[in-house]
Amino acid sequence: MSSKPTLTLRIALSSCALVGIGLAILYLKKKQTPPPPHTDCPPLGSIVHYHKGIPIYSNGLQAFESHGKHYAADGYYYGHKWQCVEFIKRYFHDAHKHHMPNVWGHAKDYFHPELAHGALNPDRNMLQFHNGSDQAPQVNDLLVWNNPPYGHVAIIAEVHHDHIVVAQQNIIGAPTQRFPLTHHNGSFTINDDIQPAGWLRLP
């Protein structure tokens, strides 16, 4: 019997080799091509939650982007779609008929550190309380982080003995979020990696 492979066998072996090379190339290409990014972010502009009947919208994947100015039917300026500030102004306007005298500013501008504890914040026409003071947070308070560059704002939706829950816009996957609340020596502190500056309250 000849030790040389027959023509049919040689063709079959060549075909297997080509298939093997092809699979190897596909495997290497697959390894070198990063998988598409996975995200659970809802589509831009979709409703992700309701707080007391007021919708909270998705701002997509880019937190710093805005998508046009948003106004109430009466002309009151809510803010840029769908930033955190837009939601809190829309909430106070629609749910409480509260118009802020100053409709401008980033989230960090909603808290004035130089104001005395319990004083009226004239830009927002709300009483202002410092985090870590003798005034406990309440439901419907406006919670403000004034850390740079832009800060953040949210509505306090629930208050419990050891934590609060906020409703907020422009935080991916967290239209509501829980933060620890401590009460020590007569002082109330809402804790976070970067602590909020304080909260504002309708007079």
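A residue is called buried here when its relative accessible area is under 20%, and 37% of the 203 residues of the protein chain fall into that class. The model is a predicted one, with two helices and twelve strands in the protein chain. Here is a friendly tour, starting with how far the prediction can be trusted and ending at the largest pocket.

**Confidence**

- The average pLDDT of the protein chain is 86, and 81% of the residues reach at least 70.
- Residues 1–38 are the stretch to treat with care, as the pLDDT there is below 50. Beyond near neighbours in sequence, this stretch has one contact in the model.
- Predicted coordinates should not be read in detail where pLDDT is low.

**Overall layout**

- Following the sequence, you will meet the elements in the pattern α-β-β-β-β-α-β-β-β-β-β-β-β-β.
- Of the contacts in the protein chain between residues at least 6 apart in sequence, 44% link residues at least 24 apart.

**The eight-stranded sheet**

- Eight strands make up an open sheet with antiparallel pairing, and their order is 5-6-12-7-8-9-10-11. Strand 5 (120–121) and strand 11 are the edge strands, each pairing on one side only.
- Strand 7 (residues 142–145) is joined to strand 12 (residues 198–201) by three bridges in the antiparallel sense. Within strand 12, W199 is the residue opposite L143.
- Strand 9 (residues 163–167) runs antiparallel to strand 10 (residues 176–184), and five bridges connect them. Look for V165, which faces R178 of strand 10 across this pairing.
- On to strand 11 (residues 187–190): four bridges tie this strand to strand 10, again antiparallel. One bridge pairs H184 with S187 of strand 11.
- Strands 10 and 11 form a hairpin with two residues between them. One residue to inspect in the turn is N185, whose phi is positive at about 50 degrees.
- While you trace these strands, remember that side chains in a regular strand alternate between the two faces of the sheet.

**H93, a buried histidine in helix 2**

- H93 belongs to helix 2 (residues 84–96). Its relative accessible area is 10%, so H93 counts as buried.
- The side chains of H93 and D74 make a polar contact at 2.9 Å.
- Setting aside neighbours within four places in sequence, the contacts of H93 are A72, D74, Y76, Y78, H98 and H99. D74 thus appears both as a contact and as a polar partner of H93.

**N59, a buried asparagine in a loop**

- N59 sits in the loop between strand 2 (54–57) and strand 3 (69–71). Although in a loop, N59 is buried because its relative accessible area is 4%.
- Two backbone oxygens are reached by the side chain of N59: that of E65 at 3.0 Å and that of A63 at 3.5 Å.
- Not counting residues up to four places away in sequence, N59 touches L44, E65, H67, K81, W82, Q83 and N170.

**The largest pocket**

- The largest pocket holds about 700 Å³ of space, and its lining consists of 30 residues. Those nearest the centre are Q83, C84, A107, Y150 and G151.
- Strand 4 (77–80), helix 2 and strand 10 are the elements that each contribute two or more residues to this lining.
- Some names recur from earlier topics: Q83, one of the residues nearest the pocket centre, is also touched by N59, and helix 2, which contributes to the lining, is the helix that holds H93.

Notes. Residues numbered from 1 in each chain as written. Predicted model: local features only at pLDDT ≥ 70, side-chain atom pairs only at ≥ 80, totals over all residues. Heavy atoms only, no water. pLDDT = per-residue confidence, 0-100. Contact = heavy atoms within 4.5 Å. Buried < 20%, exposed > 50% of the residue type's maximum accessible area, 1.4 Å probe, protein only. Polar contact = N/O pair within 3.5 Å; in protein donor to acceptor, adjacent residues only side chain to side chain. Pairing = 2+ DSSP bridges. 1 Å grid on protein atoms, 1.4 Å probe; cavity = no way out; pocket = protein on both sides within 12 Å on 5 of 7 lines; lining within 4 Å. Points joined across faces, edges and corners; volume = space filled by probe spheres on them.
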